[in-house]
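Visitor: Could you take a close look at one part of this model for me, and walk me slowly through the charged contacts there?

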Amino acid sequence: MSDASCSGLFVGDRLQEDGQMGKVIAAITTSVDGYVTGPDDGPEHGLGRGGERLHYWVMGGPWTYDGGHDVNMGEADKAFYEPLVANIGGGIVGRGMYDAAGAWGGKNPFGGTLTVLTHRIEDQPDPANGFHFVDGFDHALYAARCDAGDKDVSIGGGADVIRQALLAGVVDTLVISTAPVILGAGKRLFDGFEKDVDLRIASVHPSEWATHTTYDVVG
């Protein structure tokens with residue numbers, strides 16, 4: 001992706017388009033006590049000690065980093081997830097998530113280009129693999145919106161990227177999938193976040209492994 005490929009004008013933290021833009025959707029999974037990872041998360045431990053339980057809903061049940069695992073959602077989770085991602089054209093994640101996921105084996109598994117927010121842009125892999133390294137949230141949002149065109153932009157983990165997006169006031173939809181587990185330690189989604197944000201519940205999808213709540217960001 002090249003910035004020149006986007007016909008819009010970037011002003012402050014907003015991309016002003018001649019045409020229609022899609023929504024910005026921030027989505028993440030937390031424990032009941034608000035953690036998005038367990039302790040000691042990172043490239044060696046992924047979601048941290050005990051953090052695999054956060055993504056039982058993605059894998060369709062218990063899994064570990066040591067064993068083989070594939071995405072195998074149950075019907076209730078698919079009913080939530082598939083409409084959510086149907087119009088996604090680009091996404092943003094933090095470098096921590098990219099590294100913890102092992103760069104998804106070196107190839108972007110999601111629809112559209114995945115913009116990786118990082119200060120180490122010199123590590124940019126071959127663009128043909130679907131990743132675009134960018135320094136700074138404003139630039140990342142610009143790049144993702146250029147990639148998405150009139151489709152939606154997905155903002156995933158980690159927690160800091162979600163907080164930056166909410167603080168910038170660019171999120172249209174916030175999705176929090178709450179796993180039925182209390183982790184007690186790790187990284188909290190809203191640690192240090194002090195902005196007052198009004199939300200409206202748009203939908204709730206319960207399953208065996210999570211309660212998926214979709215909020216419209218009001219105002």
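Guide: In this predicted model, D99 forms a salt bridge with R95, and the closest N and O atoms of the two are 3.1 Å apart. Both D99 and R95 belong to helix α3, which covers residues 95-100, and they sit four residues apart, about one turn of the helix. An α-helix has 3.6 residues a turn, so residues three or four places apart point the same way. The two partners differ in how they are covered: R95, at 11% relative accessibility, counts as buried because the cut-off for that word is under 20%, whereas D99, with a relative accessible area of 25%, is partly exposed.

D99 has a further partner in R120, with the closest N and O atoms 3.6 Å apart. This pair links distant parts of the chain, since R120 lies in the loop between β6 (113-117) and β7 (131-134) while D99 lies in helix α3, 21 residues apart. R120 is itself partly exposed, its relative accessible area being 38%.

For a second contact inside a helix, turn to α5 (residues 159-168), where D160 and R163 lie three residues apart, again about one turn of the helix. D160 forms a salt bridge with R163, their closest N and O atoms being 3.7 Å apart; R163 counts as buried at 18% relative accessibility, and D160 is partly exposed at 42%. Returning to the part we began with, salt bridges that share partners join R95, D99, R120 and D123 into one network, and a search of the whole structure finds eight salt bridges.

Methods:
Residues numbered from 1 in each chain as written. Predicted model: local features only at pLDDT ≥ 70, side-chain atom pairs only at ≥ 80, totals over all residues. Heavy atoms only, no water. Salt bridge = Lys/Arg side-chain N within 4 Å of Asp/Glu carboxyl O. Helix = DSSP H or I, 4+ residues; strand = E, 2+ residues; numbered from the N terminus. Buried < 20%, exposed > 50% of the residue type's maximum accessible area, 1.4 Å probe, protein only.
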